[in-house]
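Q: Please take a close look at one part of this chain for me: the exposure of individual residues. I'd like to know where the residues lie and which partners they have.

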Amino acid sequence: MGCPLIFTKIFCVTGTVPTMEGTVQKRGKSRREDGIATAVDFLLANARLVLGVGGAAVLGIATLAVKRLIDRAARPPGEDEKPDQKSISETWEELSLTGASPKLLKRGLENSVNKSLPAVIKIEKEDCSASSTAEVPKLEIRRVPLCVTLQEKLLHYYQSHVTLSESDVAQAKQKALDICMEIQAFLRSKQPEMPLGEMSLGGSLFDDLQVVSADHACLLVPLLIEEKFWYFVPGEETILNTPQFWMVRRTNLEYFGRGSSYWDKFIVGGYLSSNAVNEALHKLVMGSMNWPALGSMLDCTIRQVMGSQELKLEIQQEQSQLFIDMLPIIRFEETVLTSQPENKGNFENLWCRSFYTDEATKLRDLDASDSGLRLCCLKILKAVCKDQPSLRRVTGGHLVNVILHLSDTESDWSEAALADRFLQVITEVTGYLEQGFLPSYFNSAVNLLSELSAEEIDEIGYTFYCALSNPDMLLQRGV
């Protein structure tokens with residue numbers, strides 16, 4: 001696959017990569033200089049493999065500069081007392097070229113130099129210590145599993161970083177359930193006439209799809225509406241002609257006048273307003289409940305998340321943190337509509353068609369049919385996107401749909417094929433981003449990328465595009 005146009009970013013480095021011979025030509029005879037030269041040689045020998053030709057050039061320049069400084073610091077007093085000012089200025093002029101590099105490669109260079117410097121300094125310190133005393137210092141060695149292949153790295157990343165402990169999950173679920181019961185009891189006592197169904201908890205925490213930390217739950221608040229009073233208008237039939245966003249129209253007003261339904265008070269322009277329902281629940285629940293008292297009873301601190309249109313709570317207990325979103329929903333036969341203010345812009349009458357349950361069920365059924373690792377691959381990718389700042393706008397919904405599409409053409413999702421499928425999903429995501437269109441698996445007319453800006457698509461796509469040649473960069477935090 002060629003480089004996508006939207007991801008064309010040029011990495012220019014003038015000069016050539018220092019050769020191994022040129023880098024180590026000034027080695028001395030002492031053990032200290034040999035240790036430094038060995039570290040430099042190793043760093044440069046692997047630079048092209050990790051960073052590519054352009055990255056290796058910049059890393060070579062940076063490493064050479066560091067070696068020069070250390071060489072000069074190690075010289076005996078009186079030898080070359082006047083430093084070579086010309087070489088110093090030329091070295092840092094070369095280093096200034098890194099300012100023209102893309103931010104991801106620049107960040108990779110900084111990480112490489114930061115990691116290499118302590119090793120070089122440590123070698124010099126150990127050599128100095130060894131020369132002054134006969135005792136060899138005892139080093140504490142931390143045993144880390146040796147992961148050679150991408151397959152091994154992915155499995156180690158999954159086990160050490162992605163999966164959640166059963167105790168953490170159980171604690172988060174119980175806390176969310178306690179708060180759910182308190183909110184439901186409060187609403188029934190304050191607004192007994194409000195027709196609400198049995199509240200339930202959902203989302204990734206309760207579907208075994210949460211990664212890294214058990215920190216998010218969703219409280220579903222079902223609105224019970226009368227079918228004879230309301231009609232679900234598909235997105236294609238609205239004036240916006242957007243398949244993802246539906247409307248709920250009030251009908252039969254000539255027979256059942258306004259006020260016949262409790263929800264008539266939330267009508268705006270003849271349609272049930274999701275914004276009006278949100279605002280009413282926000283005022284009733286967020287503004288009226290005694291959160292300090294409830295937190296004291298449940299041995300935690302409960303706060304509203306301010307500055308958000310969502311109904312969101314933050315629960316803090318010792319070192320753990322949990323967020324709970326209250327999500328009003330409407331169900332009619334197989335259709336589920338949710339109120340999500342952040343996705344609708346200024347259109348207050350829109351309801352978002354949700355396929356979350358269908359997607360999670362389909363993915364689980366596919367894995368059960370062939371003992372596949374689709375869920376494992378999904379969770380690794382979710383953790384990667386959570387760890388990488390440039391990928392945090394990529395949601396589980398995006399990734400689930402890409403995996404479902406890929407499952408239609410790719411049948412091997414065994415453990416042995418995990419690395420291949422991981423790279424294939426990244427390739428597929430990059431292709432969708434290049435097109436600017438990711439179709440929903442259950443409704444191909446819905447573009448799941450519509451909520452992302454052009455700049456966000458470009459940044460996400462560029463990160464994934466770089467990861468195709470260096471997938472390890474996505475696993476750095478977890479490994």
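A: Gladly! A residue is called buried when its relative accessible area is under 20%, exposed when it is over 50%, and partly exposed in between. Keep in mind that this is a predicted model.

Let's start in a loop. With a relative accessibility of 27%, V212 falls into the partly exposed class. Its place is the loop that joins strand 1 (200-202) to strand 2 (216-222). The backbone deserves a glance too, since V212 has a positive phi of about 70° although it is not a glycine.

A second loop residue makes a nice companion. E318 sits in the loop between strand 8 (311-317) and strand 9 (320-332), and E318 also is a non-glycine residue with a positive phi, here about 55°. At 73% relative accessibility, E318 counts as exposed.

Next, a look at the nonpolar surface. I239, L240 and F347 make a nonpolar surface patch of about 340 Å². One of these residues, F347, has a relative accessible area of 45% and is therefore partly exposed. F347 belongs to the loop between helix 9 (341-344) and strand 11 (351-353).

Now to the charged side chains. The model has eleven salt bridges, and three pairs are worth following one by one.

In one of them, the side chains of R188 and E198 meet at 2.9 Å, N to O. This pair links distant parts of the chain, ten residues apart: R188 is in helix 6 (residues 166-190), while E198 is in the loop between helix 6 and strand 1. R188 is partly exposed, at 48% relative accessibility, and E198 is exposed, with a relative accessible area of 55%.

Another salt bridge takes us back to the strands on either side of the E318 loop. Here the side chains of D325 and K312 come to 3.6 Å, N to O. Because D325 lies in strand 9 and K312 in strand 8, the pair ties together parts that are 13 residues apart in sequence. D325 is buried, with a relative accessible area of 11%; K312 is buried as well, at 17%.

A further salt bridge joins E410 and R421, with 3.7 Å from N to O. E410 is found in the loop between helix 12 (396-407) and helix 13, and R421 is in helix 13, so this pair ties together parts that are eleven residues apart in sequence. Both partners have low accessibility values: E410 counts as buried at 18%, and R421 counts as buried at 9%. There is also a network to point out, in which salt bridges that share partners join D367, D370 and R374.

R421 has brought us to helix 13, so let's finish with its packing. Two packed helices are described by the angle between their axes and the distance between the axes. The axes of helix 11 (residues 374-387) and helix 13 (residues 418-435) come within 10 Å and cross at roughly 55°. Helix 11 and helix 13 are therefore oblique to each other, and their crossing is right-handed.

Key: Residues are numbered from 1 along each chain as its sequence is written. This is a predicted model: local features need pLDDT of at least 70, side-chain atom pairs count only at pLDDT 80 or more; totals for chains, interfaces and linings use all residues. Side-chain values use heavy atoms; hydrogens and water are left out. Helices (H or I, at least four residues) and strands (E, at least two) are DSSP runs, numbered from the N terminus. Buried means under 20% relative accessible area, exposed over 50%, partly exposed in between (1.4 Å probe, protein chains only). Patches are made of residues with over 30% relative accessible area and no salt bridge: like charges are joined within 9 Å, nonpolar side chains (Val, Leu, Ile, Met, Phe, Trp, Tyr) within 5 Å. Accessible areas come from the Shrake-Rupley method with a 1.4 Å probe; for residues, only the protein chains shown count as cover. A salt bridge is a side-chain nitrogen of Lys or Arg within 4 Å of a carboxyl oxygen of Asp or Glu. Axes are lines fitted to C-alpha atoms, for helices over the stretch in contact, and angles run from 0 to 180 degrees between N-to-C directions. Angles under 35 degrees count as roughly parallel, over 145 as roughly antiparallel, 65 to 115 as roughly perpendicular and the rest as oblique. A crossing is left-handed if the near helix is turned anticlockwise from the far one by less than a right angle, and right-handed if clockwise.
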